[in-house]
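Here is a brisk tour for a reader new to this structure. Take a look at the model first, then read on.

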Amino acid sequence: MRVVSHAKKTLEVEHSESSQAGRFERTVLPHLSAGFTLAMYLTGNKADAEDAVQEAILRAVRYFATLRDEDARAWFLTIVRRVCFTAYRTDRPEGTPMVSIEAVPIQLVDQREQPDTTAERLQVQQRVRDAIDQLPPLLREAIVLRELQLCSYAEIAAVTEVPVGTVMSRLSRARVRLADLLHDIVDFGDVA
């Protein structure tokens with residue numbers, strides 16, 4: 001990945017100690033995929049997401065000494081979030097529609113699955129992605145961090161820099177909106 005090689009070069013320049021570079025690789029680089037997923041949902045397109053993650057890696061290298069308690073995932077996701085909101089959200093005029101995420105990993109088809117079932121499953125997945133894209137940014141990030149990145153409420157609170165109660169409220173509102181958007185394909189039960 002282009003971003004990883006750039007991060008390693010930056011590490012060599014900014015941190016001459018190989019142990020520091022190795023520690024960075026072990027603690028932060030495993031979270032690139034999570035950062036990219038979050039950036040995709042926040043920026044709305046692959047190019048901006050790649051740029052945001054690359055900028056986040058550069059910032060992570062620069063401020064690596066501030067990482068405490070080895071909670072690298074939440075720390076790195078916080079950096080990605082800040083980059084996305086400062087560089088890519090403030091430049092977008094109010095009311096500009098989000099671009100749907102097109103860079104979805106290749107879906108492998110289960111050969112045991114019937115073609116109609118496969119097509120239906122892929123349509124449902126696309127509808128869910130489209131519904132998530134329609135959420136306001138703060139609700140979208142909460143649902144992506146909780147349901148796609150499997151972050152705890154405390155981790156989401158750390159990433160978004162809000163109290164746990166606010167995280168719970170955002171998740172509740174996001175789930176209600178998703179239930180409304182997807183009521184015809186998914187039975188959510190009582191989400192309110």
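## A loop residue as the starting point

Asp71 has a relative accessible area of 33%, so Asp71 counts as partly exposed. The residue sits in the loop between helix 4 (46–62) and helix 5 (72–89). Asp71 also has a distant partner in the sequence. Val28 is 43 residues away along the chain, yet the two C-alpha atoms are 9.1 Å apart in space.

## The overall build

This is a predicted model. The protein has 9 helices and 0 strands. Read along the sequence, the pattern is α-α-α-α-α-α-α-α-α. The protein has 192 residues, and 42% of them count as buried. Now take the contacts with a separation of 6 or more. Residues 24 or more positions apart account for 68% of these contacts.

## Helix 2 and helix 3

Thr27 belongs to helix 2, which covers residues 18–27. Is Thr27 buried or exposed? Its relative accessibility is 15%, so Thr27 counts as buried. The side chain of Thr27 has a polar atom 2.7 Å from the backbone oxygen of Arg23.

Helix 3 covers residues 32–43 and has 12 residues. At 1.5 Å a residue, helix 3 should span 16 Å. Its end C-alpha atoms are 16 Å apart, so the model agrees with the expected span. Of the 12 residues of helix 3, 10 are buried, so the helix is largely enclosed by the rest of the structure. Among the buried residues are Phe36, Met40 and Tyr41. Gly35 and Thr43 are also buried in helix 3.

Gly44 follows helix 3 and has a positive phi, near 95 degrees. Which residue, 89 positions from Gly44 in sequence, lies 7.9 Å from Gly44, C-alpha to C-alpha? That residue is Asp133. Asp133 lies in helix 6, residues 115–134. At 13% relative accessibility, Asp133 counts as buried.

## Helix 7

Helix 7 covers residues 137–148 and has 12 residues. At 1.5 Å a residue, a span of 16 Å is expected for helix 7. The end C-alpha atoms are 15 Å apart, which agrees. The buried residues of helix 7 are Leu139, Arg140, Glu141, Ala142, Ile143, Val144 and Leu145.

Leu150 comes after helix 7. Leu150 lies in the loop between helix 7 and helix 8 (153–160). With a relative accessibility of 63%, Leu150 counts as exposed.

## Positive phi outside glycine

Most residues other than glycine have a negative phi. Leu150 is not a glycine, yet its phi is positive, about 55 degrees. Glu161 is another residue other than glycine with a positive phi, near 60 degrees. Where is Glu161 found? Glu161 lies in the loop between helix 8 and helix 9. At 47% relative accessibility, Glu161 counts as partly exposed.

## How helix 9 is packed

Two packed helices are described by the angle between their axes and the distance between the axes. The table gives both values for two pairs.

| Helix pair | Axes come within | Crossing angle |
|---|---|---|
| Helix 7 and helix 9 | 9 Å | roughly 95 degrees |
| Helix 8 and helix 9 | 9 Å | roughly 100 degrees |

Take helix 7 with helix 9 (residues 164–181). The axes cross at roughly 95 degrees, so helix 7 is roughly perpendicular to helix 9. Helix 7 brings Leu138, Leu139, Glu141, Ala142, Ile143, Arg146 and Glu147 to the contact. Helix 9 meets them with Arg170, Leu171, Arg173, Ala174, Arg175, Arg177 and Leu178. How do the residues of this contact of helix 7 with helix 9 divide? They comprise 7 nonpolar, no polar and 7 charged residues.

Next come helix 8 and helix 9. Their axes cross at roughly 100 degrees, and the two helices are therefore roughly perpendicular to each other. From helix 8, the contact uses Tyr153, Ala154, Ile156, Ala157 and Thr160. From helix 9, it uses Val164, Val167, Met168, Arg170, Leu171 and Arg175. By class, the contact of helix 8 with helix 9 has 8 nonpolar, 1 polar and 2 charged residues.

Notes. Residues are numbered from 1 along each chain as its sequence is written. This is a predicted model: local features need pLDDT of at least 70, side-chain atom pairs count only at pLDDT 80 or more; totals for chains, interfaces and linings use all residues. Side-chain values use heavy atoms; hydrogens and water are left out. Helices (H or I, at least four residues) and strands (E, at least two) are DSSP runs, numbered from the N terminus. The expected span of a helix is 1.5 Å times one less than its number of residues. Buried means under 20% relative accessible area, exposed over 50%, partly exposed in between (1.4 Å probe, protein chains only). A polar contact is a pair of N or O atoms within 3.5 Å; within protein, one must be able to donate a hydrogen and the other to accept it, and residues adjacent in sequence count only if both atoms are side-chain atoms. Axes are lines fitted to C-alpha atoms, for helices over the stretch in contact, and angles run from 0 to 180 degrees between N-to-C directions. Angles under 35 degrees count as roughly parallel, over 145 as roughly antiparallel, 65 to 115 as roughly perpendicular and the rest as oblique. Contact means heavy atoms within 4.5 Å. Ala, Val, Leu, Ile, Met, Phe, Trp, Tyr, Cys and Pro count as nonpolar, Asp, Glu, Lys and Arg as charged, and the others, Gly among them, as polar.
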